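Here's a protein model to poke around in. Keep it open while you work through the questions below.

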Amino acid sequence: MLVQFIFDSGVNGTVATVIGVILCVIISYLLGSLNFGIIFSRLIYKQDVRSSGSGNAGSTNMLRTYGKRAGIMTFAGDCLKTAVSIGIGFLVYDIYGMYFAGIACMVGHSYPVFFKFKGGKGVACFATLVLVISIATNMWYLFVILFVIFAVIVIGTKYVSLGSIVASLLYPILLNRFIEISASMTTDEIMIQEILNLHAFDIYAVVAAFFVVFLHRSNLVRLFNGTENKISLSKKKKENEEAK
């Protein structure tokens, strides 16, 4: 870890931690600011996706505006930059660094310094963070459960925003519960303590979840008013809607 390297170099432990975290956050924020929705829409379609549809620079608006290929490319790019950020975070400060990096990447994605601080809503970044952390903590089933909940809501309602909000809010709750369940299923005192130590990540999970909800505040208003846009993967249906 970078923090350990700085510490071994003779720097005070607290200072080493602060330096490592700051570097981790800055690098991850800059990576997050590489908003692929904006980049792809400008390079391929000679437009800015933020001037179309919901005005959002995420994969959902890319899907609505330019089709499946654009949506998938954007989602993949946003997931990749988050994974790279989280990897850097791990090298800097283990799992704590992964959370710091993932959240910083989400902030960069939503408020990109390269694109006048107007980006996406961080769902792809959040999903990647949850996936990697779930694998790193041997709780991969947590991601699977959240994905199933998200998919059921989106398929049933056609509201991507609703699925994203519900899955995000459930993440810290389920994380907390699964930690307790995992600890109760073993009799090894050392293992129990290691599992319970994961509760230190509860606060980071809450911050990441509520950041996603905060970014979807306008969607919440539209959901309550019944004016939220629905997603459609049917080309024919999409053409009919555009013709109205």
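## Helices, charges and a greasy patch

Q: How are helices α7 and α8 oriented relative to each other, going by their crossing angle?
A: Keep in mind that this is a predicted model. The axes of α7 (residues 140–157) and α8 (residues 160–184) come within 9 Å and cross at roughly 155 degrees. Angles over 145 degrees count as roughly antiparallel, so α7 and α8 are roughly antiparallel.

Q: How far apart in space are Val148 and Gly163, C-alpha to C-alpha?
A: Val148 sits in helix α7. Along the sequence, Val148 and Gly163 are 15 residues apart. In space, the C-alpha to C-alpha distance is 9.9 Å.

Q: Is Ile26 buried, partly exposed or exposed?
A: Ile26 belongs to helix α2 (residues 13–32), and it helps make a nonpolar surface patch of about 680 Å², along with Leu30 and Phe114 among others. Its relative accessibility is 45%. Buried means under 20% and exposed means over 50%, so Ile26 counts as partly exposed.

Q: Which residue pairs with Asp78 in a salt bridge?
A: Side chains of opposite charge can pair when their charged atoms come close. The partner lies in helix α5 (residues 68–110) together with Asp78, three residues away, or about one turn of the helix. Both residues are buried. The N to O distance is 3.3 Å, and the partner is Lys81.

Q: Of Glu228 and Arg222, which is buried?
A: Their side chains meet in a salt bridge at 2.8 Å, N to O. Arg222, at 24% relative accessibility, counts as partly exposed. With a relative accessible area of 8%, the buried one is Glu228.

Definitions and conventions:
Residues numbered from 1 in each chain as written. Predicted model: local features only at pLDDT ≥ 70, side-chain atom pairs only at ≥ 80, totals over all residues. Heavy atoms only, no water. Patch = residues over 30% accessible without salt bridge, like charges linked within 9 Å, V, L, I, M, F, W, Y side chains within 5 Å. Areas by Shrake-Rupley, 256 points an atom, 1.4 Å probe, with all protein chains shown as cover. Salt bridge = Lys/Arg side-chain N within 4 Å of Asp/Glu carboxyl O. Helix = DSSP H or I, 4+ residues; strand = E, 2+ residues; numbered from the N terminus. Buried < 20%, exposed > 50% of the residue type's maximum accessible area, 1.4 Å probe, protein only. Axes fitted to C-alpha atoms, helices over the stretch in contact; angles between N-to-C directions. Parallel < 35°, antiparallel > 145°, perpendicular 65-115°, else oblique.
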